[in-house]
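Hi,

Here is the structure I said I'd pass along. Have a look first, and my notes on what turned up follow underneath.

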Amino acid sequence: MSDWNFMDYGSKDNLLRVLRDEADGLVALASEPGAWEAPTAAGHWQVRDVVGHLVDTTEGYFTSFDAARGTGPAPEPLGVRGMDKHVDAGAQAFRGTSQAELVGRLQNDFAKMIDMFDALTEDEWGALLIPHGYMGPLPAFFYPIFQLVDFALHAWDIREGLGVNHGLTGDAADLLVPLNFILWSATHNCGPDTEPFEIGVRVTGRNGGDTKLRAGPDGVTFEPADIEACPAILEFDPATLILTAYQRMNAGTSRGDPAVIDRFRNLFFKI
């Protein structure tokens, strides 16, 4: 299943194919007449703020890639706690830019970004460390998957704001499943007084399987494992896992100890 594991170079063509599709879909939504100031499911953001966020994020990646290749300074990582405030400021900085201009800028930025991803070699995919603006140095493979979650999730946000019946595509959702466990490990509210506990997560789809998560004073860790003995188990399809982990909905099937389930579901801060 290397085609569906974004950490494996064998996934590159498949991942970039899905990313192109999701980007095309979001651009089409954002280009609609009357869409620019429409509400979305991304908090107080309007469609124009989603596009501004994508421009801000993508252009920040250019700076990071330049630093990794020795042609520019590395950004000082700000940390993921409080990331939402920085991201919001970056998105709304473009509110004075017209729809045509900002959508065109996003298309140009994306074309440049996808060419950079396409040019990554097999060695660079996992060995080239690129300084992320919030998380510090990360392997190159994280950047296309971060772009995928941005385009897929925010297209969902726009459609949700339209009030139409919709969902996430299966290919995008399947590719994003492993990222959700990394997200949980980076956005927990664990501290010195956190009493250790464990919970099982069962996911369907191409990246499906059983994963045991442990929470305690040192944070949240995860590993593929037998989860039948866990005091509680959460079951998800790929899309529902993504939308729950990114706090767009409270979903999934809960089985087992309600206290453990409530502790886990309320353990994380938003980004």
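Let me start at a small spot: Gly-163, sitting just after α6, takes a positive phi of about 75°. Before you read anything into angles, bear in mind that this is a predicted model.

The helix leading up to that glycine, α6, has 21 residues and runs 30 Å from its first C-alpha to its last, close to the 30 Å expected at 1.5 Å a residue. How much of α6 is covered? Mostly covered is the answer, with 17 of its 21 residues buried.

There's another backbone angle to check. Gln-247 has phi near 60°, which is a positive value in a residue other than glycine. You'll find Gln-247 in the loop between α8 (238-245) and β7 (253-256). Its side of the story on exposure: Gln-247 is partly exposed, at a relative accessible area of 27%.

Now for α4, residues 99-118. This helix has 20 residues and reaches 28 Å from first C-alpha to last, close to the 28 Å expected at 1.5 Å a residue. Its buried residues are Leu-102, Val-103, Leu-106, Asp-109, Phe-110, Met-113, Ile-114, Met-116 and Phe-117. Those residues cover an arc of only 150° around the axis, so they are on the same side of α4. As a reminder, an α-helix has 3.6 residues a turn, so residues three or four places apart point the same way. What does the buried set pack against? The partners are α1 (12-30), α2 and α6. On the other side of α4, the exposed residues are Ala-100, Glu-101, Asn-108 and Asp-115.

The part you may want to open up yourself is the largest pocket, which holds about 1100 Å³ of space. It is lined by 44 residues, and the closest to its centre are His-53, Met-83, Asp-84, Val-87 and Ile-271. Which elements give two or more residues to that lining? They are α2 (47-68), α3 (83-92), α6 (142-162) and α7 (170-186). The largest share, seven residues, comes from α2. By type, the lining of the largest pocket divides into 24 nonpolar, twelve polar and eight charged residues.

One thread to follow on screen: α2 and α6 both turn up in the pocket lining, and both are also packed against by the buried residues of α4.

Over to you!

Note on methods:
Residues are numbered from 1 along each chain as its sequence is written. This is a predicted model: local features need pLDDT of at least 70, side-chain atom pairs count only at pLDDT 80 or more; totals for chains, interfaces and linings use all residues. Side-chain values use heavy atoms; hydrogens and water are left out. On a 1 Å grid over the protein atoms alone, a cavity is a set of points where a 1.4 Å probe fits but cannot get out, and a pocket is an open set with protein on both sides within 12 Å along at least five of seven lines; lining residues have an atom within 4 Å of a point. Grid points are joined across faces, edges and corners, and a volume is the space filled by probe spheres set on the points. Helices (H or I, at least four residues) and strands (E, at least two) are DSSP runs, numbered from the N terminus. Ala, Val, Leu, Ile, Met, Phe, Trp, Tyr, Cys and Pro count as nonpolar, Asp, Glu, Lys and Arg as charged, and the others, Gly among them, as polar. The expected span of a helix is 1.5 Å times one less than its number of residues. Buried means under 20% relative accessible area, exposed over 50%, partly exposed in between (1.4 Å probe, protein chains only). The arc is that of the directions from the helix axis to the C-beta atoms. Contact means heavy atoms within 4.5 Å.
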